[in-house]
Structure formats: structure tokens, C-alpha cells
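Please open the model in your viewer and keep the selection panel at hand. The tour below goes from one selection to the next and says what is found at each stop.

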Amino acid sequence: MNRLLKCVGAFLIGGFFVACGDSKSDSKMESSAENANKVYTIKFAHVVSAGSPKGKAADLFAKRAGELSNGRLKVEVFPSAQLVDDDKVFQELKRNNIQMAAPSFSKFTPIVKEFNLWDVPFIFRDNEHLHKVMDGEVGQILKDKIAQKGFIALDYWDSGFKQFSTNKNPIVLPSDAKGQKIRIMSSKVLEEQMKAIGANPQNINFGEVYSALQTGVVDGAENPLSNLYNSRFYEVQKSITMTNHGYLGYLVVASEKFWNELPEDLKGILKQALDEATRFEREESERDEAVLLANLEKYAKDNEGKLTIYTLDEAQKAKWQEVMVAIYPKFYDLIGQDLIQKTLDTE
């Protein structure tokens, strides 16, 4: 009788029938219901403006993650280094103070030396080839190396191909750079690239580039059009050459602690939302480049004599490729000959 009262617990009270189930089963059901309704907050930090292709893509990801998960994924986006800058982003991901970020490739090179691959000049034939490398075997190899460092590597986003600008002799052929002081990011590959064309590489923080160009501390720089235009470097440069010689990009990463705690169904939803945002970001980056080039061409036309824009023909491009390919063996110990060859062979 006690068993019946305790386990079945059927009794009548005031004409109402009340059934008492197994307490452990009830507890599991309650826990399962709680998990099904739990909201997971994701702090997504990045360092560029909300109006940039990366900023717009982060906002789209936040919107779609919320929609697809019926509000179970709540993504809060912090642009313009509002929460953390890229120099401290890995530390904050490890601590799970932020759950997602999209640092530039250069920030990964100190922890995974093979990421220097993205700096190798003229290794990517065009956007199509670049994205096939990113989304194929080579891109996965590099993601796996990031995973070994305790981060969840998700998708690659574009910043754009780099162009040369200078206040001295326009850099149309490799020999034109001889003796010029060119600003670079900290990178062994970029140092070798500049030395190969006879330039003097100068490692200067990005925030100091405008004044360095203006005062002649450096003669020129290499930047994607987004940096050239949005940071107004064109105001203090006499020429821009559309070389597309190098590439800048981002890798979207997540906190390993956060990822391991996320239910499997939400991982799938997050990846779906991010896949949509990645396609958008790449398309937006390409559209943005076309607009920026048009703006720069208009500036050059309206301010005749202040800025000239050069575009390489096939013969000039071949000269650049000849010089740059010759230095690839210098990167074999750093990046790996096999990885460089796999990149070149990607169709």
C-alpha cells in the first residue's frame, strides 16, 4: 500500500484526480524542458565598423541565428573593438568572456606559423581560386591547426586583395619599388616580399600609417582598397597600383568552452546562420571593392595631378609573378612546401 501511495500516488481530492509519477523521471523531464528553452548568449567581437562587409555580415549572422533558433541563440555584436581588440581576442576567447570573433589572418600567425600562407604574394590567381583554397583541403588543414590550439575554427571571410601605393616613383614593375620605404604588417613573408623587389620594409602600427605617409616616414604601403579609402591614405599618396599581389582575410572562431556546452542541434543552426553570413560577406566585400575603386577613380579625376591609379597589364603581372615565385622556397620551412604546392595546384 505504501508503495502504491508513494510511487503511483493516485488519490482523489475534492473530486479531482491527481497522479504522482516517478520523481527521477519528472526531474529529467523538467531538466530536458529547461535545456530545450535555454537561451545561449553569444558575444561576437570584431574591430571594424558596423558598416563594413565584416560588420554587416556579423549583424546578419546575429539576425539569422536568432530566427533559425527561435530565440535560443542570442548574438550580441560588438564592432569597432568596443569589447576587445584583436591583440587580446584569443585570451578572451580562452576565458569565454567572448564566444565568437573574426580576427585578421595576421593575428593567427604567432600561434600557427602555417597561417603565413595567406601572405605569400601572387599565390592566389583570383577570387575564385582563393575561395576554392579556403573551402577546400588547404583551408581545412589550417582550421585543424587552429583547433589544436584550443579554438573552434569556423568560416573564412574576405577583406580583399592588396594594392601598392606610394609618394615616389609609381610601383608598376617590381624594379620601381627599389629603395622605397614601404609599410608592412609584422610578417616574415612580407619582409621577404619587400626585399625581393628592393624595397625597405617598415613595420608600423596601422593607426600610425596615415601620419607616417603624410610626413614621409614611409614612402608607401600595401593595403586592400577598404583600408586605402576608409583610412583616407589616398590623400597622402601620389599613386595606387592595382597589383592584387597579396591578400587579407579573417577567420571566424569560437570559444572552445562555449562550443562544447552548446547542444548539437544549436551547433547545426549556428553553422547554417554562419554559412549564410559567409556567402553574404564575400559578395558584399566584392561589391564594396567595386564601389571603392570607383570612388578613388572619381577622386583622381576631380583632383587631377594629386593621385594616379595604375592597372597592371598581363606582361607587367607576369614580371611580378616571376620575381615573387622565385622566393617561395624561402617559405618552405615556415609554411611547408607541401601546403604551398597544394595551394598552387588547387583547381
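**Salt bridges, helix packing and cores**

Begin by selecting Lys 298, which counts as exposed because its relative accessible area is 54%, over the 50% cut-off. The model is a predicted one, and residue numbers run from 1 along the chain as its sequence is written. Add Asp 302 to the selection, and you will find its side chain joined to that of Lys 298 in a salt bridge, at 2.7 Å from N to O. Both residues belong to helix α11, where they stand four residues apart, about one turn of the helix. This pair belongs to a structure that holds 23 salt bridges.

Next, go to Asp 265, whose side chain meets that of Arg 72 in a salt bridge of 2.9 Å, N to O. Asp 265 lies in helix α11 (residues 264-302) and Arg 72 in the loop between α3 and β4 (73-78), so this pair ties together parts that are 193 residues apart in sequence. Colouring by accessibility shows Asp 265 as partly exposed, at 42%, whereas Arg 72 counts as buried, at 15%.

Now select Arg 64 and Glu 67, which form a salt bridge with their closest N and O atoms 2.6 Å apart. The two residues both lie in helix α3 (residues 53-68), three residues apart, about one turn of the helix. Glu 67 counts as partly exposed, with 38% relative accessibility. Extend the selection to Lys 63 and Glu 276, and you have a network of salt bridges that links these two residues with Arg 64 and Glu 67.

Leave the charged pairs and display helix α6 (residues 137-147) together with helix α14 (residues 337-345), which pack at an angle of about 145 degrees with their axes 9 Å apart. On the α6 side the contact involves Glu 137, Val 138, Ile 141 and Leu 142, which meet Leu 339, Lys 342 and Thr 343 in α14. Sorted by class, this contact has four nonpolar, one polar and two charged residues.

Finally, turn to the largest nonpolar core, which has 51 residues, and select Phe 115, Trp 118, Ile 146, Leu 251 and Ile 335, the members that touch the most other members. Strand β6 (residues 151-166) supplies the largest share of this core, five residues. Centre the view on Leu 251, and its contacts, not counting residues up to four places away in sequence, include Ala 101, Pro 103, Phe 108, Phe 115, Ile 146 and Tyr 156. Apart from the largest core lies another, of 29 residues, with Phe 44, Val 77, Leu 154 and Leu 262 among them.

Conventions:
This is a predicted model: local features need pLDDT of at least 70, side-chain atom pairs count only at pLDDT 80 or more; totals for chains, interfaces and linings use all residues. Side-chain values use heavy atoms; hydrogens and water are left out. A salt bridge is a side-chain nitrogen of Lys or Arg within 4 Å of a carboxyl oxygen of Asp or Glu. Buried means under 20% relative accessible area, exposed over 50%, partly exposed in between (1.4 Å probe, protein chains only). Axes are lines fitted to C-alpha atoms, for helices over the stretch in contact, and angles run from 0 to 180 degrees between N-to-C directions. Contact means heavy atoms within 4.5 Å. Ala, Val, Leu, Ile, Met, Phe, Trp, Tyr, Cys and Pro count as nonpolar, Asp, Glu, Lys and Arg as charged, and the others, Gly among them, as polar. A nonpolar core is a set of buried Ala, Val, Leu, Ile, Met, Phe, Trp, Tyr and Cys residues joined through side-chain atoms within 4.5 Å.
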